[in-house]
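Welcome, and thanks for taking a look at this one with us. Below is a short tour of the fold, its core and a few residues worth opening in your viewer.

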Amino acid sequence: MGCTRFEFAKPGCWVAAATNIADAVAVAVNGDTVLVTSGVYRLTTQISISKKLTLKSVGPKGSAIIDGGGVTRGLYVSAGGVVVDGLT
């Protein structure tokens, strides 16, 4: 079975994954886990999280970095129960 857009947790589907965190968060639904690969994610606007989800690095703690460049905050969380795990 093939991959559909944003099926990042399905084995072999990284090729169909979102290319930025904000897009992945936008299509996630309550209870989803958004997996983030290692790298530096430079932002021009904050990532808003308004649903209960887990944002989790797949690499070692601190290997996925959200960088607002001193211009914007990285995350704005307005939902309860959000978990951010392993991102800096």
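A residue counts as buried under 20% relative accessible area, as exposed over 50%, and as partly exposed in between. By that scale Lys56, at 32% relative accessibility, is partly exposed. Please keep in mind that this is a predicted model. The chain has 1 helix and 7 strands, and 31% of its 88 residues count as buried.

**Overall layout**

- Reading from the N terminus, the elements follow the order α-β-β-β-β-β-β-β.
- The accessible surface of the chain is about 5,300 Å², and carbon and sulfur atoms account for 54% of that surface.
- If we take contacts between residues at least 6 apart in sequence, 54% of them join residues at least 24 apart.

**The open sheet and its strands**

- An open sheet is built from 3 strands in the order β1-β4-β7, with parallel pairing.
- Why is one side of β1 and of β7 left without a neighbour in the sheet? Both strands stand at the edges, and each has a single partner strand, so one side of each has no neighbour there.
- On average, neighbouring strands of this sheet are turned by 15 degrees against each other, with direction ignored.
- β1 and β4 run parallel and are joined by 4 bridges.
- Two positions help you find this pairing on screen: Thr33 has Thr54 in β4 as its bridge partner, and Val34 stands opposite Leu55 in β4.
- Side chains alternate along β1: Val34 and Val36 are buried and point to one face, whereas Thr33 and Leu35 point to the other face and are not buried.

**The β2 and β5 pair**

- Strand β2, residues 39-42, runs parallel to β5, and 4 bridges join the two.
- Within this pair, Arg42 stands opposite Asp67 in β5.
- β5 also shows alternating side chains: Ala64 and Ile66 point to one face and are buried, while Ile65 and Asp67 point to the other and are not.

**The nonpolar core**

- The largest nonpolar core has 15 residues, and those touching the most other members are Ile21, Val25, Val36, Leu55 and Leu87.
- Four elements give two or more residues each to this core: α1 (21-27), β1 (33-36), β3 (47-49) and β5 (64-67).
- The largest share comes from α1, with 3 residues.
- Which residues does Val25 touch, not counting those up to four places away in sequence? They are Val34, Ile47, Ser48, Ile49, Lys51, Leu53 and Leu55.

**The salt bridge**

- The structure holds 1 salt bridge. Its partners are Asp85 and Lys56, with the closest N and O atoms 3.0 Å apart.
- The pair links distant parts of the chain, since Asp85 sits in strand β7 (residues 83-85) and Lys56 in strand β4 (residues 54-57), 29 residues apart.
- Are these two side chains' residues buried or partly exposed? Asp85 has a relative accessible area of 35% and is therefore partly exposed, and Lys56 is also partly exposed, at 32%.

**Two residues outside the helix and strands**

- Ala17 lies in the segment before α1. Its relative accessibility of 12% is under the 20% cut-off, so Ala17 counts as buried.
- Ala17 and Val36 are 19 residues apart in sequence, and their C-alpha atoms are 9.8 Å apart in space.
- Asn30 lies in the loop between α1 and β1. At 57% relative accessibility Asn30 is over the 50% cut-off, so this residue counts as exposed.
- Asn30 is in contact with Lys51 and Lys52, leaving aside neighbours within four places in sequence.
- The C-alpha atoms of Asn30 and Val82 are separated by 9.5 Å, although these residues are 52 apart along the chain.

Key. Residues numbered from 1 in each chain as written. Predicted model: local features only at pLDDT ≥ 70, side-chain atom pairs only at ≥ 80, totals over all residues. Heavy atoms only, no water. Core = buried A, V, L, I, M, F, W, Y, C linked by side-chain atoms within 4.5 Å. Buried < 20%, exposed > 50% of the residue type's maximum accessible area, 1.4 Å probe, protein only. Contact = heavy atoms within 4.5 Å. Salt bridge = Lys/Arg side-chain N within 4 Å of Asp/Glu carboxyl O. Areas by Shrake-Rupley, 256 points an atom, 1.4 Å probe, with all protein chains shown as cover. Pairing = 2+ DSSP bridges. Axes fitted to C-alpha atoms, helices over the stretch in contact; angles between N-to-C directions.
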